[in-house]
Amino acid sequence: MANINRREFLRLGLSAGSLLALGSSSDLVTKVFGKQETHKKAIILGLDGMDPHLTELWMSQGKLPAFAKLRAQGDFRTLETSIPPQSPVAWSNFITGMNPGGHGIFDFLKRDPQYYIPAFSGAETHDPSKTISIGNLVFPLSGGSYENLMRGRAFWQILEDYDIPATIFKMPSNFPPVETSQRTLSGMGTPDITGSVGEFNYYTTEVTELKQDIGGGAIHEVYVIGNRVEAKLPGPTNTFKKNHPESSIDFKVFIDPVHPLAKIVIQDHEFILKEKEWSNWKKVSFPMIPTQSVGGICMFYLKQVRPEFKLYISPVNIDPADPAMPISTPESYAKELAKKFGSFYTKGLPADFKAITHGVLDEEEYLAQDDTVLKERIEMFEYELSRFESGLLFYYVSSTDQRQHMFWRFIDKASPMHDPRLVSQYGDAIENIYKEADKILDMALKKADKDTVIMVMSDHGFTPFRRTFNVNTWLKENGYIRLINNWKQGQEEFFMNTDWSKTKAYSYGLNSLYINEKGREGEGIVNPGTEKEALVREIAQKLEQVIDPATGERVITNAYVTKDVYQPQQREQAPDIVMGFNRGYRTAWSAPLGRIDKKVFDDNMDKWSGDHCMDPVVCPGILFANQRIKAESPALYDLTPTILSLFGIEKPKEMIGKKVL
Amino acid sequence: MGKAKIKLDKDLLEKVKKYAEMSGYSSPEEFITHCLEKEISKLEESDSEEEIKKKLKGLGYIS
């Protein structure tokens, strides 16, 4: 391995671990666990991104009666989030009762220090270790596998040790679900059928909509010939074939010559959609070899029939009735839900961020999609509540986070993307999702009896995202990154134009900064020990002094030296500095993948106008409980020992938090 | 930098000189090197690299 270069490394597909490991089998236990009767009960609602300032504001205006009632019964505090306040990191703090130094999830992205290549930090796919090739086909002799990279034990695994039953619904960072006999359904981090975060497909005749390399989706040019469109729906790469070609399914659309509707024919489905109508879930099956196929589910949206034809197909989600990857424990849990409710969104972050960002879905269409997500979740929550008798029920909502990211510009007049003309239409989108959260809480309150502890928490709050800061450009301008060719600046990702022999530091991910350390990085030059230590302090200090010339504001309020703030177990893998951005600032769009733009600062001209990848100090989460909260400043990792203590369980020694109730 | 010479058609060379200057390159050699490297990198860029970029960019937080 040490002898291959970075491009060869990429060509061999060794970096992202993201191919679908076909032919895999899960070792997860199938027995449903935890039938000990306990009179103690706890319901925890995890409302992603729910912000304390907005919650307080709308409570004070009488718009969130269930939250107000819970506060009156018990307590309300802001909740200290993780360093950095990114969802996979924050939820891992909550799950394990440790900080990132303990659980090893430091950012959405990690990097391979040998080759300076980024990858998702949460999970890895391992291809089958033994295969046999016959002609053009490659057959697995042993199953591929998926590995959740979060270290430490999840609190529901500890509850299991004590025979306390738990249902954990859509917990982020729990893909693949950690081994347990408890009932769990995986959440954020669960890929679509292609193994990615989510790839929509959009078919259009409008040439101006055709863009390449959009990320998160594909735009296909189609032709209407005799009122008919023929196209292909791309699927997962076919690991049964050499070179892993992409699989696909042919489909046809027959356009009504008079009315604004069309018939879609795909495999054994034939259905008619009116213009601006969504289909329900459709099962599709991607053929691999004659005896093997991979199934998934997707929704169709006929955006426009004439004059231009426009059809959106959602990312193909893993079919919960027949999952191609492990998404639940026991395996039968996802199937049980699918049998009762039909197909449902299994992919993490289900509403299609990328489709609205690229203008494929407009605001109204995005909200309609997210409403479907919410409706599915509420139905399943009702079901879980109705059969909840003892132990713990954790239930997660993604829509609070997803709507704030996209609709913050309507409540922030200082946003470069604020459009007063649309405020009357979408200005209440965030308030409305808080009201929906209130209704969900009300359902839980009605279920609770005197033995039930109720907690409502969020992983972080929200802040405006108005200005971008490209730390890699800043590093270059301050002499810490040297380019091979200056005139190529801004063109390449993955630091392809970087002279590592003269580069001292670089940033991958949303808040992470790494020293180019000798012996750790493939072409490291900074000696570990005092030289590195001095450089870390120097860069951290300089970052905290950066001022945005356009506003006069500080950009980074705290540059956290991880050696000072993380526990030691997994710290070797940690970035050296975590950048805590000021309110309104975030890393530039291209910096997380190692692109060095020409400008250090820019306005954020994206619909994605609210964010939380800032300084934890500026975006704490919420904590409500129907008991008094003893701690003045509770933190996410305090909730884990708190949950255990509700059931009389001592916290394990690796947990750093303290109980708060 | 190596000293190998490449023959160019006279008209093309004039265009190279003109556009190199217009685009802010420090010399026609730098402009030609850029063009060649850009084309070669397209040929060299593996499917996996594109695939990885595509998958990572699916995350809403980056583009």
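**Secondary structure of chain B in the predicted model.** This model is predicted. Chain B holds 3 helices and 0 strands. Read from the N terminus, its elements follow the pattern α-α-α. The chain has 63 residues, and 22% of them are buried.

**Domain layout of chain A.** Chain A is divided into domain 1, domain 2 and domain 3. Domain 1 is assembled from residues 1-30, 119-149 and 193-324. Domain 2 takes in residues 41-105, 155-190, 348-462 and 619-646. Domain 3 spans residues 466-617.

**Contact between domain 2 and domain 3 of chain A.** The centres of these two domains, taken over C-alpha atoms, are 30 Å apart. Domain 2 of chain A brings 31 residues to the contact, and domain 3 of chain A brings 27 residues.

**Domain 2 side of the contact in chain A.** On the side of domain 2 that touches domain 3, three elements give two or more residues: helix 5 (100-103), helix 8 (353-357) and helix 10 (399-407). Helix 5 of chain A gives the most, with 4 residues. By class, this side of domain 2 has 13 nonpolar, 15 polar and 3 charged residues.

**Open sheet of strands 13 to 16 in chain A.** The sheet has 4 strands in the order 13-14-15-16. The pairing is antiparallel. Strand 13 (228-237) and strand 16 (269-274) of chain A form the edges, and each pairs on one side only. From one strand to the next, the twist averages 25 degrees.

**Pairing of strands 15 and 16 in chain A.** Strand 15 covers residues 261-266 of chain A. Strand 15 runs antiparallel to strand 16 of chain A, and 6 bridges join the two. One bridge to look for pairs Val265(A) with Glu270(A), the latter in strand 16 of chain A. Strand 16 is also an edge strand of the sheet.

**Hairpin of strands 18 and 19 in chain A.** Strand 18 covers residues 282-289 and strand 19 covers residues 292-298 of chain A. The two strands pair in the antiparallel sense over 7 bridges. A hairpin through 2 residues joins strand 18 to strand 19 of chain A. Within this pair, Lys283(A) stands opposite Ile297(A) of strand 19. In a regular strand, side chains alternate between the two faces of the sheet.

Terms used:
Residues are numbered from 1 along each chain as its sequence is written. Chains are lettered from A and ligands numbered from 1 in the order in which they are written. This is a predicted model: local features need pLDDT of at least 70, side-chain atom pairs count only at pLDDT 80 or more; totals for chains, interfaces and linings use all residues. Domain bounds come from an automatic or database domain assignment. Two residues are in contact if their C-beta atoms, placed from the backbone, lie within 7 Å. Ala, Val, Leu, Ile, Met, Phe, Trp, Tyr, Cys and Pro count as nonpolar, Asp, Glu, Lys and Arg as charged, and the others, Gly among them, as polar. Two strands pair if DSSP finds at least two bridges between them. Axes are lines fitted to C-alpha atoms, for helices over the stretch in contact, and angles run from 0 to 180 degrees between N-to-C directions. A residue is buried if 20 or more other C-beta atoms lie within 10 Å of its own, exposed if 12 or fewer, and partly exposed in between; C-beta atoms are placed from the backbone.
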